[in-house]
Amino acid sequence: MASPPADRVTYREAVREAIREALLRDPRVFLMGEDVGRYGGAYAVSKGLLAEFGPERIRDTPLSESTFVGAGIGAALGGTRPIVEVMTVNFSLLALDQIVNNAATIRHMSGGGFSVPLVIRMATGAGRQLAAQHAHSLEGWFAHVPGLRIVTPATIEDARGMLWTALENPDPVLIFEHQALYNLEGELPAGAGAVDIDRAAVRRPGRDVTLVTYGGTLVKTLAAAETLAGENIHAEVIDLRTLRPLDMDTVLASVRKTRRVVVVDEGWRSGSLAGEILARIAESAFYDLDAPVRRVCSAEVPIPYPKHLEDAALPQPAAVVEAVRALVPAGAAA
């Protein structure tokens, strides 16, 4: 029996359809955040939803992240399923107390008596010349915090499917949508729905080196893998998908096969998620490695506005290719 035809959509449209589906399926679900109503969201993700669902379920909020994230926590405790949109990860720092000291701790501090089924979506990352206060990659900070689940949809299918899985979680889930992906186009299979958020995915099989990445750097890492294939170096690309908890089983299985690894992370190198992943590889698979581990991260500067400087600050395919060439000497992969 032939599969139903796939729809060609953007990442933005996939997220919007995921929100729309959630609103249709569960009357407890509502969306709130700055400009999500009449304006349709800073990245036009919620455009049209106010007209369809009305102001009770698509709620514009004041410019006060601590207030509306706190309201989301209270609403979740009260039995609803709020989706809170924070305009950009930089602004989430204004709600850090609510996220880290309240949402993440209430289950533990109540002895399991209360849970916070809250979903917070926010744009992260750089690549659109929005400058330092709108373009950092801080998801690694939140992945440090017990009590939070951190997911990073890098594909159209995950953009469509991760929200519903997150809404079914009894504890707070933070979804980081890379701003450079909103215009990404791809095919979404008819009937696409909830996806697994517990496991990493092998996006490209390979034999010579493992490239571990997530979110907005997946596209660049796949481009690097394609370049390397032209040199007879076959890279396996792992998309982490969830940053907390990390699916190290998938990562370690790949590393034990290829025996070399590079982590590509848009976060800053110092204190990065890349460092955590490489430490875990060293703890569990040190004697399986044939070469030192490496990482490609952002330059340790506030993300610049000028395009040539922004490009220079971010991990690019050429840097990934260079890192791999240092691990896989010419002829070693033949």
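In this predicted model, strand 13 (261-268) is largely enclosed by the rest of the structure, because seven of its eight residues are buried. Strand 13 has paired neighbours to examine in turn. With strand 10 (residues 209-213), strand 13 pairs in the parallel sense over three bridges. Two of the residue partnerships can be named: L211 stands opposite V262 of strand 13, and V212 has V263 of strand 13 as its bridge partner. With strand 14 (residues 294-298), strand 13 again pairs in the parallel sense, here over four bridges. W268 finds its bridge partner in strand 14, at S298.

These strands belong to an open sheet of five strands, whose order is 9-11-10-13-14 and whose pairing is mixed. Strand 9 (201-204) and strand 14 form the edges, each of them pairing on one side only. On average, and with direction ignored, neighbouring strands of this sheet are turned by 25 degrees against each other. As a reminder for reading such a sheet residue by residue, side chains in a regular strand alternate between the two faces of the sheet.

Helices accompany this sheet as well. Strand 13, helix 11 (residues 273-285) and strand 14 together make a β-α-β unit, and the unit is right-handed. Helix 11 lies across strand 10, strand 13 and strand 14, and it runs at about 155 degrees to strand 13. Helix 13 (residues 317-327) also lies across strand 10, strand 13 and strand 14, running at about 165 degrees to strand 14. Just ahead of strand 13 comes a local feature of the backbone: R259, in the loop between helix 10 and strand 13, has a positive phi of about 70 degrees although it is not a glycine. R259 counts as partly exposed, because its relative accessibility is 30%.

A further open sheet is built from seven strands in the order 3-2-4-5-7-6-12, and its pairing is mixed. Its edges are strand 3 (58-60) and strand 12 (242-244), each of which pairs on one side only. Neighbouring strands in this seven-stranded sheet are turned against each other by 20 degrees on average, direction ignored. At the strand 12 edge, strand 6 (residues 149-151) and strand 12 run antiparallel and are joined by two bridges. Here V151 has T242 of strand 12 as its bridge partner.

Two backbone details are found in loops that follow strands of this sheet. R244 and P245 are joined by a cis peptide bond, with omega about 0 degrees. P245 is placed in the loop between strand 12 and helix 10 (248-258). The other detail concerns Q129, in the loop between strand 5 (119-124) and helix 7 (139-142). Although Q129 is not a glycine, its phi is positive, at about 55 degrees. Q129 counts as partly exposed, because its relative accessibility is 30%.

Turning to the side chains, the model holds four aromatic pairs. Y11 and Y182 form one of them, an edge-to-face pair with 5.7 Å centre to centre and 75 degrees between the planes. This pair links distant parts of the chain: Y11 belongs to helix 1 (residues 11-25), Y182 belongs to the loop between strand 7 (173-178) and strand 8 (185-188), and the two are 171 residues apart. Both rings belong to buried residues, because the relative accessibility is 0% for Y11 and the relative accessible area is 1% for Y182.

Y182 has another aromatic partner in Y43; this pair is stacked, with 4.9 Å centre to centre and 25 degrees between the planes. Because Y43 lies in the loop between strand 2 (29-33) and helix 2 (49-53) while Y182 lies in the loop between strand 7 and strand 8, the pair ties together parts that are 139 residues apart in sequence. Y43 is buried too, with a relative accessible area of 12%. Taken together, ring pairs link Y11, Y43 and Y182 into a cluster.

Aromatic rings also meet charged side chains. The charged end of R25 sits over the ring of W164, 3.8 Å from its centre. Likewise, the ring of F30 has the charged end of R59 over it, 5.3 Å from the ring centre.

Notes: Residues are numbered from 1 along each chain as its sequence is written. This is a predicted model: local features need pLDDT of at least 70, side-chain atom pairs count only at pLDDT 80 or more; totals for chains, interfaces and linings use all residues. Side-chain values use heavy atoms; hydrogens and water are left out. Two strands pair if DSSP finds at least two bridges between them. Axes are lines fitted to C-alpha atoms, for helices over the stretch in contact, and angles run from 0 to 180 degrees between N-to-C directions. Rings of Phe, Tyr and Trp (its six-membered ring) pair if their centres lie within 6.5 Å; planes under 30 degrees apart count as stacked, over 60 as edge-to-face and the rest as tilted. Buried means under 20% relative accessible area, exposed over 50%, partly exposed in between (1.4 Å probe, protein chains only). A charge sits over a ring if NZ of Lys or CZ of Arg is within 6 Å of the ring centre and within 35 degrees of the ring normal. A crossover is right-handed if, with the strands pointing away from the viewer, the path from the first strand over the helix to the second runs clockwise. Contact means heavy atoms within 4.5 Å.
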